[in-house]
Protein chains: 2
Amino acid sequence: MAFDAIETPFGKANKTVGGSAMYAAYAASYFVKPVQQISIIGYDFPQEELNSLTARGVQLDGVVTVKNKKSFFWKGRYHEDMNSRDTLVTDLNVLADFDPRVPEKYQGSEFVMLGNLMPKLQLSVLDQLKKKPKLVVLDTMNFWMDTAMADLKQVLKRVDLLMVNDAEARELTNHYSLVKAAKKIMEMGPKYLIIKKGEHGALLFYKGKVFFAPAFPLEDVFDPTGAGDTFAGGFIGYLAKVNSISFENMKKAIIMGSVMASFCVEKFGNARIKELTKADVNKRIKQFKALTNFETTF
Amino acid sequence: MAFDAIETPFGKANKTVGGSAMYAAYAASYFVKPVQQISIIGYDFPQEELNSLTARGVQLDGVVTVKNKKSFFWKGRYHEDMNSRDTLVTDLNVLADFDPRVPEKYQGSEFVMLGNLMPKLQLSVLDQLKKKPKLVVLDTMNFWMDTAMADLKQVLKRVDLLMVNDAEARELTNHYSLVKAAKKIMEMGPKYLIIKKGEHGALLFYKGKVFFAPAFPLEDVFDPTGAGDTFAGGFIGYLAKVNSISFENMKKAIIMGSVMASFCVEKFGNARIKELTKADVNKRIKQFKALTNFETTF
């Protein structure tokens, strides 16, 4: 969990609570409890944010607080298309010492999400699990492909599903075609693959099958920060709720991820994802059905 | 109808038959007969291509052949992403004198597609129609927004549906958000709006409703030339077949447009769209259903 400073064409937030573990936990908490989080924070991370997560059923036994260091800080500026951004500041702070430990209480988890982090640390978490989960989802980024590809390949062999964006899928495989990239990635280990395309939706690949979920068309996208993590949290949270990894349920889980991500971008930071009601979520699920479903007789 | 010279990362075609009227007519001919075309060609346009269109049920009474001039010629080069291209040569040739005349035989047409052309000529065609069609679809491009906006605004007031790409929708309205752009365009005249996003699919707007159809994920896109026109032909051809402009049928028509466009890009020029069988089309419709439909109970 972290602090972010964000500039978009619609405004700026100088210091907002961020981090993939925060976004994913909130999104998953709408579907399943408990959510068991592992992360690292500094002395400056607000207690009220921790309390808010706990109130949503997020267990924080795996969160280490470093008393004499600051939390990870990222500052970025989005371009007008909101699909690309410049990183202005990255202060690792506590993240430089992160050595994730799986609490005894978390053992036996069936649905595991490995957030975007140094592949060696993702491997360490997998090594600590005493029982093989039903589903391990991996997030990563181009930075690790450039700096730790050998380790990343090891992680890929041990996960069930990889979640990357289109540029990352291309970089990982040297294929421009996403269909070709998908085939190659699935030969590297993961049986399932999700390629996220930002405002252009997401593709799910499994064996010869492919499923597409659009992003919800919004009047305004105020801040895309955390949308991918919120998507991931909604996706795995829904699968944990139905306790299934069938392809039919994965389709519905992707829709759920898109629903949650569509809220995330409506306000800066975690403001929107914190305030959601069941009614908000159900209403948007209905809108998603109308957006994509058509009569199948031609 | 025209000649195109095309370069893509996959190869090149030095002289292939092109033009929006050709692509749209082929696509529509899979659904409805006759298709009645209006266009202009030079002495160099191949008779066998005209015969091939006639054999598919395309009437060419509205096609003027200029005996001492060449057909329109366009040469372009696509970038790796296939969504952007550079125009290398544009030879107007016969198109400089085009004054479309609606043959008496075509009067009473219920479904009219105004291809991308100078707005004054599109207005002239509308003026020649003795009976108001059930649906008039308009295609246009950024060039006319820059050079003939006043005329284009007149056309917009007299059509039912506008079909543009995302960049054109943004230019027409000065809104980056496609949802906002859609609202503004529908205030300019068209009740229905389709925004095409190339490989990222297409959006249909009508009143407060929105529907999204993905592009079919292909291993390789060899040549995007004509994909938008093929989409348009499949769309209006399907509506003409079912003789309806209900929103439910428009959804299915968009799927049909995407199906036809997905074939178009598989080979250079019109090679793929000419050789299709009913079985090919039906197979891809099934694949489209699998691509987007999900169980609606959560």
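Reader: In this predicted model, what distance is given for the polar contact that joins the side chains of B:Arg77 and B:Glu7?

Author: The two side chains, those of B:Arg77 and B:Glu7, are joined by a polar contact. B:Glu7 is also listed with B:Arg85, B:Asp86 and B:Leu88 as touching B:Arg77, once residues up to four places away in sequence are set aside. The polar contact between B:Arg77 and B:Glu7 has a length of 3.0 Å.

Reader: Where is B:Arg77 placed, and is B:Arg77 buried, partly exposed or exposed?

Author: B:Arg77 belongs to strand β5 (residues 72–78) of chain B. Its C-alpha is 6.0 Å from that of B:Thr8, although B:Arg77 and B:Thr8 are 69 residues apart in sequence. Because buried means under 20% and exposed over 50%, the relative accessibility of 37% makes B:Arg77 partly exposed.

Reader: How many residues of strand β8 (residues 135–139) of chain B are buried?

Author: On one side of β8(B) stand B:Leu135, B:Val137 and B:Asp139, which are buried. On the other side stand B:Val136 and B:Leu138, which are buried as well. Both faces of β8(B) are thus covered, and the number of buried residues in the strand is five of five.

Reader: Which residue of β8(B) stands opposite B:Leu114?

Author: Strand β7 (residues 111–114) of chain B runs parallel to β8(B), and four bridges join the two. With helix α3 (residues 119–128) of chain B, β7(B) and β8(B) make a right-handed β-α-β unit. In β8(B), the residue opposite B:Leu114 is B:Leu138.

Reader: Which residue of β9(B) is the bridge partner of B:Asp139?

Author: Strand β9 (residues 161–165) of chain B pairs with β8(B) in the parallel sense, over three bridges. B:Asp139 is one of the buried residues of β8(B). The bridge partner of B:Asp139 in β9(B) is B:Met163.

Reader: What is the distance between the closest N and O atoms in the salt bridge of A:Lys183 with B:Glu219?

Author: A:Lys183 forms a salt bridge with B:Glu219. This pair crosses between chains, from helix α7 (residues 178–187) of chain A to the loop between β12 (209–213) and α8 (227–242) of chain B. A:Lys183 is partly exposed at a relative accessible area of 46%, and B:Glu219 is partly exposed at 30%. The closest N and O atoms of A:Lys183 and B:Glu219 are apart by 2.3 Å.

Reader: Which residues of chain B lose the most area to chain A?

Author: The area buried between chain B and chain A is about 3900 Å², and carbon and sulfur atoms give 58% of this area. Three residues of chain B lose the most area to chain A, together 19% of what that side buries. They are B:Glu219, B:Phe294 and B:Phe298.

Reader: How many salt bridges does the rule find across the interface of chain B and chain A?

Author: The contact takes 37 residues from chain B and 37 residues from chain A. Between the two chains, 14 residue pairs are in polar contact. The elements that give two or more residues to the side of chain B that touches chain A are α7 (178–187), β12, α9 and α11 of chain B. Over all chains the structure holds 36 salt bridges, while the number found across this interface is six.

Reader: Is B:Arg284, which forms a salt bridge with B:Glu266, buried or exposed?

Author: The closest N and O atoms of B:Arg284 and B:Glu266 are 3.0 Å apart. The pair links distant parts of the chain, 18 residues apart: B:Arg284 lies in helix α11 (residues 278–292) of chain B, and B:Glu266 in the loop between α9 (247–264) and α10 (271–275). B:Glu266 has a relative accessible area of 19% and is buried. Because buried means under 20%, the relative accessibility of 10% makes B:Arg284 buried.

Reader: Which residues is A:Ser124 in contact with, leaving aside neighbours within four places in sequence?

Author: A:Ser124 lies in helix α3 (residues 119–128) of chain A. At 15% relative accessibility, A:Ser124 counts as buried. Leaving aside the neighbours within four places in sequence, the contacts of A:Ser124 are A:Asp99, A:Pro100 and A:Arg101.

Terms used:
Residues are numbered from 1 along each chain as its sequence is written. Chains are lettered from A and ligands numbered from 1 in the order in which they are written. This is a predicted model: local features need pLDDT of at least 70, side-chain atom pairs count only at pLDDT 80 or more; totals for chains, interfaces and linings use all residues. Side-chain values use heavy atoms; hydrogens and water are left out. Buried means under 20% relative accessible area, exposed over 50%, partly exposed in between (1.4 Å probe, protein chains only). Two strands pair if DSSP finds at least two bridges between them. A crossover is right-handed if, with the strands pointing away from the viewer, the path from the first strand over the helix to the second runs clockwise. A salt bridge is a side-chain nitrogen of Lys or Arg within 4 Å of a carboxyl oxygen of Asp or Glu. Contact means heavy atoms within 4.5 Å. Buried area is the accessible area (1.4 Å probe) that two parts lose on being put together, summed over both. A polar contact is a pair of N or O atoms within 3.5 Å; within protein, one must be able to donate a hydrogen and the other to accept it, and residues adjacent in sequence count only if both atoms are side-chain atoms.
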